[in-house]
2 protein chains.
Amino acid sequence: MKKLKLLLVCLTFVTAGFSQNTDSAFIKQIFDNVLISRVAYHNLEYLTKNFPGRLIGSPNSIAGLKFFKDYFMRLGVDTVYLQEFKSHSWACDSSSVTMLKENGSEFPLRTDALGTSLSTPKTGIIAEVIEVQGLEELEKLGTEKISGKIVFFNRPMKDTFINTFEAYGDAVDQRAHGPAEAAKYGAAGAIVRSMTTSLDDFPHTGSSRFKENDVRIPALAISTMAANRLSQELKENPKTKVRIFVAARDLPEITTYNLVAEIRGKVKPEEAIIIGGHIDSWFNTAGAHDDGAGCVMTSDVIRIFKEMKIPNKRTIREVIFMDEEMFQSGGKAYADFIAQSGTKPYVALESDEGAFTPESFTVDASDSIVRNVQNFQKLLEPYGIRYIKKGGGGVDIYPLKKSGIPLISYVTDPQRYFDMHHSANDTFDKINYRELNMGIGCITTLVYLIDKYGVE
Amino acid sequence: MKKLKLLLVCLTFVTAGFSQNTDSAFIKQIFDNVLISRVAYHNLEYLTKNFPGRLIGSPNSIAGLKFFKDYFMRLGVDTVYLQEFKSHSWACDSSSVTMLKENGSEFPLRTDALGTSLSTPKTGIIAEVIEVQGLEELEKLGTEKISGKIVFFNRPMKDTFINTFEAYGDAVDQRAHGPAEAAKYGAAGAIVRSMTTSLDDFPHTGSSRFKENDVRIPALAISTMAANRLSQELKENPKTKVRIFVAARDLPEITTYNLVAEIRGKVKPEEAIIIGGHIDSWFNTAGAHDDGAGCVMTSDVIRIFKEMKIPNKRTIREVIFMDEEMFQSGGKAYADFIAQSGTKPYVALESDEGAFTPESFTVDASDSIVRNVQNFQKLLEPYGIRYIKKGGGGVDIYPLKKSGIPLISYVTDPQRYFDMHHSANDTFDKINYRELNMGIGCITTLVYLIDKYGVE
């Protein structure tokens, strides 16, 4: 049995060896197509400049989807449609934080409300500030010290993580759960230091979660520069107050969509290779890296398959998801839709780490499937894919896990991502067309290899 | 003998294995220091904002060196001095290219003179344009068709190279040798499409070489957008003329300097590990990536050794070279200075590929030394160093090759480099502090390992 296995391994190697030259040459052709193209780059420019602030429920989120729908119709795909679903949502109209110094002067702190923040009265809320470095401090301080105050979560994202996503993971509990926890101790509001290692004056927003029975309070992100300023003032004058103001609206039921576009497989049309990103962005940003880039990069895969007349055995299906940012309702709605249809896709790949230099793919699947995908790494190495390893597939495709299919995430160089993340700084001029195109080439190549060889 | 070698290899492995954990932990400490630091970042901001346009012979090139000299004095290094040498130089005061359309209207084409361009008369030179795709076309066209015209070299840097330095190497002969070759056929001047894959309106200058007996002519770079515009106009109206204007000066003998700063080795002070970049930049740019970044990154190595009290066995010597761009006179002058001193440095490392995410080191040395340096790669891999391989060491340290020492070059992710290269676009805001700091960490680590283990 062992010998047989060894023989099979050897045979696989020989076969792989033979096809690798052909594959290498063809992959070079894919990159030759991608690297001279500006289609995805211009699509991203159009999307971000015409339809910024694409939060679920916003007109621009729908306009963005329609832009892609038109694009796919012009490409002449086999199918393109909007998959409708209902969701609740939330919208922010205005917000401000003002430091009220003891000497009577006021100092504005750059801010944006956090997703699902409660509104304040029109005149705002004025209260003393209690600065904490994390959620665990709340219990120690207790209701007596917190009640009626504005809790200021100020633990920075650490510079010393090599991977900035780890630094984010290390600090983001303050934004995600801090306001709800502070509310339990009677806080009048919460302000959170922006989730970025960059020292800048952009507020970086994001979702703050309140469970159904949680008391909701006004919650805002302030820029890292504003956070340093406030912290310094509090050291000098602990009784410093701030005035916070939020005008936001709950949208209890909206109709919205995911966009689906596909080119049917010529041999196994029922086996859909799903690729995609999310159309929505925070209200305060053009959403260029997050995640306009993911949308245009994965959409471009279909352009390349069509332009190069690659005879795809399996169906290549682009899904542009709504609402990754707030409630992840698009990913859930699409997975439900798939479950109800009784079909089972073949694999799903998500791009949601921006358009930086390619680094790797992570695969959420059985060990044997992970190994099979890893076998493609050698072909991708000349284009920057350092490794392929077991790991999470991404927020939008995660609900598809219940279908039992492999989930893949495209991973980029993480050094610059959080300079832009969820802020007005995430604009088209931060996109480098070569980095974007290298990503398209890597994703297209992986889809090509999965279509050709399968993953089992 | 072979068995002995094998035994030695095994022992080395064991030793390396034992020390690797200790080294890993210490290297993490180096990165902990670097990643929270803003010293190099702020040095680069100060240098680029206060002293742009640091071409050899310019006051700012000297002011830049003095800035670093002061910095090293504040750091308290063991030695810091300016190493004087004489050179000729060249300076550009002004330049312009104007397209004179057949309908009488004028259209300015964004331009900068190429290094060593001859001046035009004050009224400029007006002539017809002959567009070529490369030097080999000149011979075919011959004197009859070229004489009195302005030759327009318009072969783009190809998008399809994965490594942009290869694309540069593929196209730069037009800028380096095109004008001198065109002059041999009687050209009145030469304009060259900017060396960038970016479609932008920045002229990207650089050196154009004329040998001692070559006829010199006015030579300029125009932006890629201007080049497309001119090319289009020539297709429609082949008799379109341009007016070129250059006001430049030869500087026959100037006194200038390299900067040398070192911390002496505690065990082998005579074995100097040289690290450095070049202070000079083109006249049209702040020179942030090229090569302010190299200067502040390698300078920061010395700060880290001092701050962390690393007991360096060998001397760590920073050399900030003058004149990488025009005549490479600083590198030659320093190598001559070393040769005359009768000393032999231990190794030299250059950083001149900007402050992008770290990718690798290349080593110009014997195979066995290359292998020894490659053994350090595993320790650097968590910080982004994909490989260490045999390759060139860099322009400034190349003249040290005659000393027979290993030359090392720090290599970065190449996708964005030529967007900025030799243009007014190479400003401080294009620097990401994390990418810069990751580079400092990698260079410091390699210097630390070379100091500790040697390269033989």
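The following legends describe views of a predicted model with chains A and B. Residues are numbered from 1 along each chain as its sequence is written, while chains are lettered from A and ligands numbered from 1 in the order in which they are written. Because the model is predicted, local features need pLDDT of at least 70 and side-chain atom pairs count only at pLDDT 80 or more, whereas totals for chains, interfaces and linings use all residues.

**View 1. The fold of chain A.** Chain A contains 14 helices and 14 strands; these are DSSP runs numbered from the N terminus, helices being H or I with at least four residues and strands E with at least two. Along the principal axes, the C-alpha atoms occupy a box of roughly 80 × 45 × 40 Å. The radius of gyration of chain A, taken over C-alpha atoms, is 24 Å, which agrees with the value near 23 Å for a compact globule of 456 residues; that rule is 2.2 Å times the number of residues to the power 0.38. Of the 456 residues, 54% are buried, meaning that 20 or more other C-beta atoms, placed from the backbone, lie within 10 Å of the residue's own.

**View 2. The two domains of chain A.** An automatic or database domain assignment gives domain 1 (27-78 + 264-453) and domain 2 (92-248). Their centres, taken over C-alpha atoms, are 33 Å apart. Domain 1 of chain A brings 15 residues to the contact and domain 2 of chain A brings 19, where contact requires C-beta atoms, placed from the backbone, within 7 Å. On the side of domain 1 that touches domain 2, seven residues are nonpolar, six polar and two charged. Here Ala, Val, Leu, Ile, Met, Phe, Trp, Tyr, Cys and Pro are nonpolar, Asp, Glu, Lys and Arg are charged, and the others, Gly among them, are polar.

**View 3. The interface of chains A and B.** In this interface, 20 residues of chain A contact 19 residues of chain B. Helices α1 (2-36) and α14 (433-453) of chain A each supply at least two residues of the side that touches chain B, and the largest share, four residues, comes from α1(A). This side of chain A has seven nonpolar, five polar and eight charged residues.

**View 4. The rotation axis.** A turn of 180 degrees and a shift of 0.0 Å along the axis lay chain A on chain B with an RMSD of 0.0 Å. That is the relation of a two-fold axis. The superposition is by least squares on the C-alpha atoms of residues with pLDDT of at least 70 in both copies. Of the residues of chain A, A:Arg386 comes closest to the axis, at 3.7 Å (C-alpha).

Methods
Two residues are in contact if their C-beta atoms, placed from the backbone, lie within 7 Å. A residue is buried if 20 or more other C-beta atoms lie within 10 Å of its own, exposed if 12 or fewer, and partly exposed in between; C-beta atoms are placed from the backbone.
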